[in-house]
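User: Please take a close look at a single part of this model, beginning with one residue and following its contacts outward. I would like the answer as one connected account, with each term explained where it first comes up.

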Amino acid sequence: MNIYIMGISVEKRSEFGPKVQEVLTKHGDQIIARFGIHDSQNGSGFITLNVRGEQKFMEELAEELSAIPTVKVKYMNLK
């Protein structure tokens with residue numbers, strides 16, 4: 001299994017943050033660590049994850065999160 005770092009940006013956090021949380025909770029067994037901050041000046045949020053999984057899982061997770069309006073996702077393998 002590989003370890004990835006995933007960065008998630010959420011604009012309009014109060015509106016779309018709960019949907020992001022729902023997706024992350026669904027895949028919580030593969031999330032090793034999570035760090036989140038919010039920018040109260042513009043209502044956005046940023047989440048950094050350490051995730052254990054295979055490439056296909058990461059692609060699917062990124063796609064699921066990116067389907068939420070205002071959400072942008074980037075990830076990299078720590079190999």
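Analyst: Thr70 counts as partly exposed because its relative accessible area is 28%, where buried means under 20%, exposed over 50% and partly exposed in between, with a 1.4 Å probe and protein chains only. This is a predicted model, in which local features need pLDDT of at least 70 and side-chain atom pairs count only at pLDDT 80 or more, while totals for chains, interfaces and linings use all residues. Residues are numbered from 1 along each chain as its sequence is written, and side-chain values use heavy atoms, with hydrogens and water left out.

Thr70 sits in the loop between H2 and S4, these elements being DSSP runs numbered from the N terminus (helices H or I, at least four residues; strands E, at least two). Its backbone deserves attention, since Thr70 is not a glycine and still has a positive phi of about 75°. Most residues other than glycine have a negative phi. Lys12 is a second case, also not a glycine, with a positive phi of about 55°, and Lys12 belongs to the loop between S1 and H1.

Which residues does Lys12 touch, not counting residues up to four places away in sequence? They are Gly17, Gly43 and Thr70, contact being heavy atoms within 4.5 Å, and so the two residues with a positive phi meet directly. Lys12 and Gly45 are 33 residues apart in sequence, yet their C-alpha atoms lie 8.0 Å apart in space. On the other side of this set of contacts, Gly17 lies in helix H1 and counts as buried because its relative accessibility is 19%. Once residues up to four places away in sequence are set aside, Gly17 touches Val10 and Lys12. Its C-alpha atom is separated by 14 Å from that of Gly7, a residue 10 places away along the chain.

Ser9 provides another route out from Thr70. Ser9 lies in strand S1 and is buried at 17% relative accessibility; leaving aside its neighbours within four places in sequence, Ser9 is in contact with Gly45, Phe46, Thr70, Val71 and Lys72. Val71 leads from here to the largest nonpolar core, a set of 20 residues in which Met6, Ile8, Val20, Leu24, Leu49, Leu65 and Val71 have the most contacts. Such a core joins buried Ala, Val, Leu, Ile, Met, Phe, Trp, Tyr and Cys residues through side-chain atoms within 4.5 Å. The elements giving two or more residues to this core are strand S1 (2-10), H1, S3, helix H2 (55-66) and strand S4 (71-77), and H2 gives the most, with 5 residues.

Two members of this core can be followed further. Ile8, apart from its neighbours within four places in sequence, is in contact with Leu24, Gly45, Phe46, Ile47, Leu49, Leu65, Val71, Lys72 and Val73. Leu24, in helix H1, is buried at 3% relative accessibility and, with the same sequence neighbours excluded, touches Ile8, Ile31, Arg34, Ile47, Leu49 and Leu65. Leu24 and Arg34 are 10 residues apart in sequence, with a C-alpha to C-alpha separation of 9.8 Å.

Strands S1 and S4 are also linked by an aromatic pair, Tyr4 in S1 with Tyr75 in S4, 71 residues apart. A search of the whole structure finds 1 aromatic pair, and this one is edge-to-face, with 5.9 Å centre to centre and 70° between the planes. Rings of Phe, Tyr and Trp (its six-membered ring) pair if their centres lie within 6.5 Å, and planes under 30 degrees apart count as stacked, over 60 as edge-to-face and the rest as tilted. Tyr4 is buried, with a relative accessible area of 1%, whereas Tyr75 is partly exposed at 27%.

Asn2 also has its place in strand S1 and is buried, with a relative accessible area of 14%. Not counting residues up to four places away in sequence, Asn2 touches Val51, Arg52, Gly53, Glu54, Asn77 and Lys79.
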